[in-house]
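Here are my notes on the model you sent over, mostly on its empty spaces and one bit of its surface. Have it open while you read.

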Amino acid sequence: MNRLPEGTEALIAAALAEDIGAGDVTAEATVPAELTAQAHVVQKQPGVIFGLDVVTEVFRQLGVTDLDRTVVEGHWHDTVPRDIALIRGPARRILAGERVALNYLGHLSGIATLTALYVDAVAGTGTRILDTRKTTPGLRALEKQAVSWGGGVNHRFGLHDAILIKENHIAMAGGVDAAIGACRERSPGLMVEVEAETLAEVATAIEAGADRILLDNMEPGLMVEAVEMRDSADEGIELEASGGVDLENVRAIAATGGDFISVGALTHSAPQLDVSLLLQVE
């Protein structure tokens, strides 16, 4: 079982309160209070399931604790539809948690699935797929977990745990050298990454001693030259490509020889994986 990120329980409680409000008026009118049921959580679309810990917590908060998983998370499953969990308990409570549980499960599984597609697209190149900070407010920790379970690598979690110097920072600091020096003095233990849009900026970042260079919206041909410049410098600098990446061009970008490709779409544009809940009276 995966540990839920800190604050997830409160997040789920707020989601349930938002959805249930003063009570499920439909279920209260149509479902006898004493009725118990079994629910099948079903994966209806090929992909990677992730988020069953969240589903478990949703129903736990509603007093439903009998949940059995029937699938291994983090693995691609083509054979659908398939049961991924069985839930037993009071029918009204299961229905009260259905939409919140499926919203989380479909969203997180969608992220894991899209990540797996990107990781597969660059397989064998040595390039790794990174996520970004383009996440749903409040859901970053869960969304980044989903990326990792889809085979991707988590980039910085926030503004506090890694340095990424962009054009505005450079302008405010008075140049790349000054920006890198100030960051190393302020946070000596953190990796320093510098954004570059041109080969001249790549050369400047190499000369200034960056740990990683973000190649922002560069054409593959320029990326190849950037890799050659990095290799000639022999400074152990990492290169990360970003901007305009999709499943059609990601392998060509990886083939240029960079170390990482960051993909904002993993978290901001992943379609929900199709999952459902089917209730049966016991």
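**Notes on the cavity, the pockets and a surface patch**

1. Starting on the inside: the largest cavity holds about 60 Å³ of space. Of the 13 residues lining this cavity, Leu 215, Met 223, Ala 241, Thr 256 and Gly 258 are the closest to its centre. Keep in mind that this is a predicted model. The count is one cavity of 30 Å³ or more.

2. Which elements build the wall of that cavity? At least two lining residues each come from α9 (220–233), β10, α10 (250–254) and β11 (260–262). The biggest giver is β10, with three residues. By class, the wall of the largest cavity splits into nine nonpolar residues, three polar and one charged.

3. Now for the open spaces. The largest pocket has about 430 Å³ of space, and 23 residues line it. Nearest its centre you'll find Thr 132, Lys 134, Lys 166, Ser 242 and Ser 262. Two or more lining residues each are given by β8 (192–196), β9 (212–216), β10 (238–242) and α11 (265–268). So β10 is worth a second look: this strand turns up in the lining of the largest pocket and also gives the most to the lining of the largest cavity, where strands are counted as DSSP runs.

4. What is the chemistry of the largest pocket's lining? By class there are nine charged and nine polar residues, plus five nonpolar ones.

5. The second largest pocket comes to about 240 Å³ of space. It is lined by 14 residues, and the ones closest to the centre are Ile 163, Leu 164, Ile 165, His 169 and Cys 183. On the element side, β7 (163–165), α6 (167–173) and α7 (176–186) each put in at least two residues. Helix α7 gives the most to this lining, with four.

6. How does the lining of the second largest pocket divide by class? You get 10 nonpolar residues, two polar and two charged.

7. Last, the outside. Trp 76, Leu 117 and Leu 247 make up a nonpolar patch on the surface, and together they have about 250 Å² of accessible area. Trp 76 belongs to strand β4 (residues 76–77). Is this Trp 76 buried, partly exposed or exposed? Its relative accessible area is 36%, so Trp 76 is partly exposed. Patch members need over 30% relative accessible area, and Trp 76 has 36%.

Key
Residues are numbered from 1 along each chain as its sequence is written. This is a predicted model: local features need pLDDT of at least 70, side-chain atom pairs count only at pLDDT 80 or more; totals for chains, interfaces and linings use all residues. Side-chain values use heavy atoms; hydrogens and water are left out. On a 1 Å grid over the protein atoms alone, a cavity is a set of points where a 1.4 Å probe fits but cannot get out, and a pocket is an open set with protein on both sides within 12 Å along at least five of seven lines; lining residues have an atom within 4 Å of a point. Grid points are joined across faces, edges and corners, and a volume is the space filled by probe spheres set on the points. Ala, Val, Leu, Ile, Met, Phe, Trp, Tyr, Cys and Pro count as nonpolar, Asp, Glu, Lys and Arg as charged, and the others, Gly among them, as polar. Patches are made of residues with over 30% relative accessible area and no salt bridge: like charges are joined within 9 Å, nonpolar side chains (Val, Leu, Ile, Met, Phe, Trp, Tyr) within 5 Å. Accessible areas come from the Shrake-Rupley method with a 1.4 Å probe; for residues, only the protein chains shown count as cover. A salt bridge is a side-chain nitrogen of Lys or Arg within 4 Å of a carboxyl oxygen of Asp or Glu. Buried means under 20% relative accessible area, exposed over 50%, partly exposed in between (1.4 Å probe, protein chains only).
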